[in-house]
Protein chains: 2
Amino acid sequence: MRTAHKPRSEMIAETRAKLIAAARRAFATVGYANASMDDFTAEAGLTRGALYHHFGDKKGLFEAVVAQIDTEMCERLNKISSRAKTRWQGFLDENIGYVEMALDPEIQRIVLRDGPAVLGDPALWPNANNCISSLTRNLAALKEEGVVRDMDPDAMARLISGASLYAAQWVANSDDPAATSIKAVKAFRALMEGLLVDGKADA
Amino acid sequence: MRTAHKPRSEMIAETRAKLIAAARRAFATVGYANASMDDFTAEAGLTRGALYHHFGDKKGLFEAVVAQIDTEMCERLNKISSRAKTRWQGFLDENIGYVEMALDPEIQRIVLRDGPAVLGDPALWPNANNCISSLTRNLAALKEEGVVRDMDPDAMARLISGASLYAAQWVANSDDPAATSIKAVKAFRALMEGLLVDGKADA
DNA sequence: TTAATTGACATACGATCCGTATGCAATTAT
DNA sequence: ATAATTGCATACGGATCGTATGTCAATTAA
């Protein structure tokens, strides 16, 4: 009576969002294993009951958090690659953007560190598949256009995302992330230029 | 009285080995988080008391297990690269050997999946540093000899080990690991050949 | 040889934390 | 208005971890 009642579906979406937000904070700061469900649900003004009702278990909520972050990452990457003038440049920028995103401790901890351990191979996550398949399509197109050498685009996409992922971790864990990031990006660019047909960058 | 007494230091080494072996089996099969200390210490004919005495905590024992596996991996890799005729070939073989090792579920689960989540960035593990620095030295030498293009060997070593690590995970999680392994190795070889000065492999 | 001390390991205990089962209250349907 | 659904809280049992303490054998000292 005293509160202006919103529609029920909206209330539900709100509690889901509150749970995801609180869990996201907890996972990012103390890690998945050390995040107490009692603690961060209370922090959201709720209890574990709500969590189990909406997400099944702790892992289910973790999946939702990862999906949210992953979506944000994909959006940023799409923006980056769409700004590029050439496909090759977009391809480069997208991967470099990925490396630089790992400077975000939230991405570092949740997506890169705990994610694979809790959810398994990142390549099998729904959203990661989107990102990798985008990378694969770009590679295939670049091959068609004669920009890069002959290769299996799918396999190469895995290798490249592995290199950038690892570079990201290296950057994030280094003493001087900014400086290391520059070195990593330069080396990554060199590695990618080796894929060009004539060994000359067109940029 | 009834048992022939071995020297005490030997008994201690034995219990340590038994704990590591039992933990290694448990970590490999059910993963770090689901491995019950009560269970696998009992399986070794001991209790958690011995574990805490020797390794401090669960993570300490996990470190010992990882170190053991890591040492074995390094030995295998060194053998591989020492058999090669040229430095470049050894460099290739060593990395390809790394990819193929990931077919071992023990390595897959303990070193590649749970390891980074529990112990952090693999590049900071003592033994992994040995492996990476070996890779770095090889790259630096190859650059000196004019075999590969100009680059920062340290940064490039990270990227390459990332690519091979990720390829390894891809192989291990695929439906047909043997077939995927072939594709991964081929793509990896192509990626590496891009580093050569003239774009021609000398093998 | 015997007494003292160290140390390897077991046992006991308390504190979390998780998952399920149950309960309640508010909304929706009839 | 009554019944059914459902979002969420509460209550309970079980598993696991870390510490604190105990015990007994092996080494060392006297």
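This section describes helix α3 of chain A and the protein surface near DNA strand D in a predicted model.

In the UniProt record, an unreviewed entry, residues 13-73 of chain A are listed as "domain: HTH tetR-type". This span is 80% helix and 0% strand, and its end C-alpha atoms are 22 Å apart. Helix α3 of chain A comprises residues 48-55, and its buried residues include A:A50, A:L51 and A:F55. These residues are on the same side of α3(A), because the arc they cover around the axis is only 100°. Immediately after α3(A), a positive phi of about 85° is found at A:G56.

DNA strand D is surrounded by 19 residues, of which A:T47, A:H53, A:H54, B:R48 and B:Y52 come nearest. By class, this surface consists of eight polar, six nonpolar and five charged residues. On the DNA side, sugar or phosphate accounts for 67% of the strand D atoms within 4 Å of the protein, and bases account for the rest.

Contacts with phosphate oxygens of strand D involve both side-chain and backbone atoms. For A:T15, a polar side-chain atom lies 3.1 Å from a phosphate oxygen of the strand. For A:A50, a backbone N or O atom is placed 3.4 Å from a phosphate oxygen. In chain B, a backbone N or O atom of B:A35 is likewise 3.4 Å from a phosphate oxygen of strand D. Two or more residues of the surface near this strand are given by each of α1 (8-30) and α3 of chain A and α3 (48-55) of chain B. The largest share, five residues, comes from α3(A).

How values were computed: Residues numbered from 1 in each chain as written. Chains lettered and ligands numbered in written order. Predicted model: local features only at pLDDT ≥ 70, side-chain atom pairs only at ≥ 80, totals over all residues. Heavy atoms only, no water. Buried < 20%, exposed > 50% of the residue type's maximum accessible area, 1.4 Å probe, protein only. Helix = DSSP H or I, 4+ residues; strand = E, 2+ residues; numbered from the N terminus. Arc of directions from axis to C-beta. UniProt positions renumbered as here; feature names shortened; annotations may be inferred. Near = heavy atom within 4 Å. Polar contact = N/O pair within 3.5 Å; in protein donor to acceptor, adjacent residues only side chain to side chain. Nonpolar A, V, L, I, M, F, W, Y, C, P; charged D, E, K, R; others polar.
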